Amino acid sequence: MRISGSRYRMFLGGGLLLLLTILPLQAQPAQELLRERVLLNEDWRFFKYPSRAEADGLVYDVWPMYRMDADTAGAPKEAIVLKPWILPTGNPFIKDPARRYRRPPGHPGRDFPFVQPDFDDSGWERVDLPHDWAIRGPFVEQPHPEVDGGMGWLPSPGVAWYRKKIFIPAADSERAIYLDVEGAMAHAVVWLNGYLVGGWPYGYASWRVDLTPYVRWGAENQLAIRLEVLPRSSRWYPGGGLYRNVWLVKTHPVHVAQWGTFVRTPYVSTDSATVVLDVTIENRWARAVSVRVTTEIFELGEEDRPRGDAVAAFPPRQVRVPAQGQATASGMATVRNPKLWGPPPTQTPHRYVAVTTLWLDGRPVDRYETRFGIRSLRFDPERGLLVNGERIEIKGVNQHHDLGPLGAAFNRRAAERQLELLREMGANAIRTAHNPPAPELLELTDRMGFLVLDEIFDVWEMRKTPLDFHLIFPDWHEQDLRAFIRRDRNHPSVILWSFGNEVGEQGSGREGAELARRLARIIKEEDPTRPVTASMNFARPGTPMPEVVDVICLNYQGEGIRDMPAYTGLQGITTPPLYSAFRIHFPTKMIISCENAAAVSSRGAYLFPVTDALSAPVREGQGGDPVTRQVSGYELYTADFGSSVDKVFFVQELHPFVAGGFVWSGWDYLGEPTPYYSSRSSYFGIIDLAGFKKDRFYLYQARWRPELPMVHILPHWNWPDRVGEITPVHVFTSGDEVELFLNGRSLGRKKKGPYQYRLRWDDVRYEPGELRAVAYKNGRKWAEAVVQTTGQPTALAAEADRVRIQADGYDLAFITVRVVDAEGRTVPTADNPVRFTVEGPGELVATANGDPTSFIPFSSDERPAFNGLVLAIVRARRGMPGTITVTASAPGLRPARIVIESQ
Ligand code: GAL
């Protein structure tokens, strides 16, 4: 199916819309008019043009500054620019009424085939959401005009359409009908029944369009959504498509506005808490109404449902809402003996829900739930972050939005697994680098008790890649910012807003700071309770940018950049640790590191010789092998501007006023494969792209969970070619002392000195056999670990993260397959090709092994083990409970079989 831009003619003369819903003046709201929220994820039709040159000309905008090959990036000759029709969608988020947009007349695209109800899309692909069109690949040829290593060599750029029919009963004809999209990558434009409804360009935003005027009641309605991802538009993998949930929301014409509640807890103690609530009501009728607003507070149960009796109620309010306008009702309630929200292990993330009912003439017309938590936060320049009065060190990691082999398509279980593993390591915080996350991620962080630095932008006006967000920033930053804050401000896990990551404007003096001030002011208007920050990698004390932010958030400069001997002579900024300089200059501002480390490694790959430096940049023969493109797992090597974990810990310990920080990065992610840009995914993760722990995991765990008895040895001990050669052994432990044994002989007992985070035996000569580490704490035995030379691979062994999953079409089982020897030990160098088959009501969604250099599509059912491990991700089919059997087989090895119950 091809429709070229040139064959398409603009149609603006569609006449005035005659479908405007005329609502009865005399309201007769009935119970069935209460809010309904229907997940629209199933059964869409999808079509992506094979190339940009073949795409239609219904563009959001043309990008004149982009002078690349016109065939791949230029605008189609007969482009129809839809921006004027899209901008009004953002009006609810523009404060100054005079600056709101008026929609031009007409319906561009009205006669375009894809928006027609009777267009035959049976030849299009059938997909369920969340859907990422790029993740299945194939990976592109290198070099490529539209993507690079930064974008993960995957085909995100392009133009695609999604279509779906939705039946809207005649009984709904008095209601308002909205389409709520949690994320669409990118430049979304929505048509209903051939009428252009609206859209939103920023691919990470959540947004709503009002379908009501275009609905055919008691009939099928045709939705058509056009998306476009621009070439060279991101520093990391953006994905493409309707990659988060899409909802149909039906309400009474008088209802709680979109994200229309705001909860604050200004006074919190264990005896009582004051809860302040604003409820914004929208009235779509042509007459004013008097609405009664009642709200009760309940504890939120495990099932995300209100539990037990109300624990408090707000005094009812009677509010006059003007015709086709909004009004806000505010109230205050007291919760006695509140159960506070706070991060484990010392606190518990208790949650509450405020259930608001709107009443018209004694009848309920809307019911709206606002989940929240009761907690106090203090950002103290000396003591750091205090949650409910307790100092909580921020043990955070940065996370990009992709879910590795699943791509950008959000999956709750995959995100939960990421958080579970991070928690096992001792992390208590995440930074959403560098964009609003899926709303469900924040539900998880609320529930699990993670602290979140919620970030919105990677660029403002100054671009980082040719076609990134800077193109839409001037038109959309206010709408994006207000929508983001309103969406996320009730989450107890969100502690801090970041409105920029390393933006170029940090260096543009007063002008950049003025823009920052404007953005900060917008945030304060939407949420005066939380501090704002923007991460800075080169703004210094004395430059204007840091003056604007409430919390100083440093990327890398806190611990110093290129200031160690091994970095001498490298290009770029060199700076000593700057924590103290910022502390002196800003004595009233709390300081954290928004990004630290940028250490790199490949799981289970060890390269020799091993540097004796505390921290070293990857170079050929120094932690890196440009031929295999693997980076040493000794966990001492970094990007050119980075620092090893040991150095970061050391500098943080020297600066106890620093509230903690966020490691770059928690998990590996697609794209940005520093230092080898011909690879496809990052080396920065503490956990690899498949979810397997790198050795670094244990370095963090040793420090972040000092109460957990653990000791970890590296490298593996299968080095037939290194007999007699120096093969350093490093040990990470939460203890303070370790005795290392090789084949029963003690290699000495070593104690951690001050600022020491690993114990090193750098002169061990390899001989096959067994390494044993016995750790002590305060002189008492604390933990023990063993690493043995294994035999040849003989079998596969499989283990699932969960053997019981939900038959809901979303839930996943993550199956780890190990290549083992006759004694069941993982063979740490094995790369046997493994094939997966699935029987029963499940499907193989993806395979992965954590190798950043692999270009096998993630959807492949065959994948070699990488350093002994390979992963299969299996999804249960919707509504088909039963037994799923997953078999892993490899030539010459005994297969492994695992059974998953889908319920
Ligand atoms: C930072 C940047 C991150 C990531 C990281 C590692 O400068 O903010 O997005 O690029 O470096 O390269």
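In the predicted model, the largest cavity lies between domain 2 (39-251) and domain 3 (377-599 + 636-661), because both domains give residues to its lining. This cavity has a volume of about 320 Å³. Its lining comprises 26 residues, and those closest to the cavity centre are Tyr-202, Tyr-204, Ser-233, Asp-468 and Phe-469. Classified by side chain, the lining of the largest cavity contains 16 nonpolar, five polar and five charged residues.

The search of the whole structure returned eight cavities of 30 Å³ or more. The second largest has a volume of about 190 Å³. A set of 18 residues lines the second largest cavity, with Gln-399, His-400, His-401, Pro-437 and Leu-441 lying nearest its centre. At least two lining residues are supplied by each of helix H3 (412-425) and strand S24 (429-432). Helix H3 accounts for the largest share of this lining, with three residues. The composition of the lining is 11 nonpolar, six polar and one charged residues.

The domain assignment of the chain sets these features in context. Domains 2 and 3, which flank the largest cavity, are accompanied by domain 1 (5-30 + 264-372), domain 4 (712-788) and domain 5 (795-902). Domain 1 and domain 3 are each assigned as two segments of the chain, whereas domains 2, 4 and 5 are each given as a single range. The centres of domain 4 and domain 5, taken over C-alpha atoms, are separated by 32 Å.

The ligand was examined next. Its surroundings are formed by Arg-235, His-434, Asn-501, Glu-502, Asn-555, Tyr-556, Glu-595, Phe-641, Trp-664, Glu-672 and Phe-684. By class, this shell has four nonpolar, three polar and four charged residues. Several of the surrounding side chains place polar atoms beside oxygen atoms of the ligand. For Glu-672, a polar side-chain atom lies 2.4 Å from a ligand oxygen. In the case of His-434, the distance between an N or O atom of the side chain and an oxygen atom of the ligand is 2.5 Å. Asn-501 likewise has a polar side-chain atom 2.9 Å from an oxygen atom of the ligand. Taken alone, the ligand exposes 300 Å², of which the protein buries 93%.

How values were computed:
Residues numbered from 1 in each chain as written. Predicted model: local features only at pLDDT ≥ 70, side-chain atom pairs only at ≥ 80, totals over all residues. Heavy atoms only, no water. Domains from an automatic or database assignment. Near = heavy atom within 4 Å. Polar contact = N/O pair within 3.5 Å; in protein donor to acceptor, adjacent residues only side chain to side chain. Areas by Shrake-Rupley, 256 points an atom, 1.4 Å probe, with all protein chains shown as cover. Nonpolar A, V, L, I, M, F, W, Y, C, P; charged D, E, K, R; others polar. 1 Å grid on protein atoms, 1.4 Å probe; cavity = no way out; pocket = protein on both sides within 12 Å on 5 of 7 lines; lining within 4 Å. Points joined across faces, edges and corners; volume = space filled by probe spheres on them. Helix = DSSP H or I, 4+ residues; strand = E, 2+ residues; numbered from the N terminus.
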